[in-house]
Structures are given as C-alpha cells and as structure tokens.
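I opened this one with a fresh page and a cup of tea. Here are my notes, in the order I looked things up.

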Amino acid sequence: GLIGRKISIDYLYNKLWYLTLLQLGSIVLMFFAIPYLGNIFILMTFVVFIHGIEGLIYNLFFTHCLTRFPQNAATAGGITGGGSYIVVSSTI
C-alpha cells in the first residue's frame with residue numbers, strides 16, 4: 001500500500017506494464033532455475049517476490065477504481081475484489 005501511494009495515477013498503465021513484465025520475467029526465470037536450483041528455500045524466494053508484485057498490482061488497480069468512482073466506492077470495491085477473486089481462482 002505504501003509503495004502504491006507513491007506511484008502517481010498519471011503513469012499508472014506504464015508502471016503496471018513494467019510490473020507485469022517483471023512478474024512474468026521472474027516466473028520464467030523460476031521455471032528455468034528449477035533444474036539447477038531445486039532447493040525449496042530458493043524457489044520460495046521467487047514465490048514471495050512474485051506474490052509481492054501481484055499484491056502491488058492489485059493495490060494499484062483497487063486504488064485506481066476507488067479514486068475513479070468515489071461516489072460508488074462500495075460497489076467499485078466489490079467488483080474489483082470479486083473480479084480479482086474470479087481471475088485468480090480460474091487460473092489455479
């Protein structure tokens with residue numbers, strides 16, 4: 001949340017694009033590192049990093065939705081939270 005507040009909304013889409021590429025790059029790096037670094041602690045470091053970026057991306061989208069529709073904050077929060085739940089649960 002603290003990092004998300006420092007990122008301005010003007011450049012939201014550019015920063016989300018870079019964060020998404022960073023996340024996908026770390027996922028690909030993790031898959032290529034599995035045969036060489038099969039240690040669970042090293043792989044968990046990748047997982048924590050990926051989930052940290054995912055949390056930052058979610059907070060940025062959630063904040064953007066709440067600031068864009070302040071009069072409907074509860075509905076925007078519900079749709080954003082429910083939509084992310086559906087996306088995450090369908091990819092598992």
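**Overall fold.** I began with the secondary structure and found four helices and zero strands. For these I relied on DSSP runs, taking H or I of at least four residues as helices and E of at least two as strands, numbered from the N terminus. Along the sequence the pattern reads α-α-α-α.

**Ground rules.** I am working with a predicted model, where local features need pLDDT of at least 70, side-chain atom pairs count only at pLDDT 80 or more, and totals for chains, interfaces and linings use all residues. Numbering runs from 1 along each chain as its sequence is written, and side-chain values use heavy atoms, with hydrogens and water left out.

**Whole-protein totals.** I noted an accessible surface of about 6,900 Å² (Shrake-Rupley method, 1.4 Å probe; for residues, only the protein chains shown count as cover). Carbon and sulfur atoms hold 73% of that surface. Of the 92 residues, 22% are buried; here buried means under 20% relative accessible area, exposed over 50%, and partly exposed in between (1.4 Å probe, protein chains only). I also looked at contacts, meaning heavy atoms within 4.5 Å. Among contacts with a separation of 6 or more, 53% link residues 24 or more positions apart.

**Glutamine 23.** Next I went to helix α2, where glutamine 23 lies. Is glutamine 23 buried or exposed? I count glutamine 23 as buried because its relative accessible area is 14%. Setting aside neighbours within four places in sequence, I found glutamine 23 in contact with Ile50, Ile53, Glu54 and Ile57. One of these partners, isoleucine 50, is 27 residues away in sequence, yet the C-alpha to C-alpha distance is 5.8 Å.

**Serine 26.** Serine 26 is also in helix α2, and I class serine 26 as buried because its relative accessibility is 8%. What does its side chain reach? I see the side chain of serine 26 at 2.8 Å from the backbone oxygen of glutamine 23. Beyond four places in sequence, serine 26 is in contact with Phe46, Phe49 and Ile50. Ile50 thus appears in my contact lists for both glutamine 23 and serine 26.

**Tryptophan 17.** Helix α2 spans residues 12-33 and includes tryptophan 17. I log tryptophan 17 as exposed because its relative accessibility is 54%. Trp17 joins Tyr18, Leu21 and Leu24 in a nonpolar surface patch, with about 480 Å² of accessible area together.

Note on methods:
Patches are made of residues with over 30% relative accessible area and no salt bridge: like charges are joined within 9 Å, nonpolar side chains (Val, Leu, Ile, Met, Phe, Trp, Tyr) within 5 Å. A salt bridge is a side-chain nitrogen of Lys or Arg within 4 Å of a carboxyl oxygen of Asp or Glu. A polar contact is a pair of N or O atoms within 3.5 Å; within protein, one must be able to donate a hydrogen and the other to accept it, and residues adjacent in sequence count only if both atoms are side-chain atoms.
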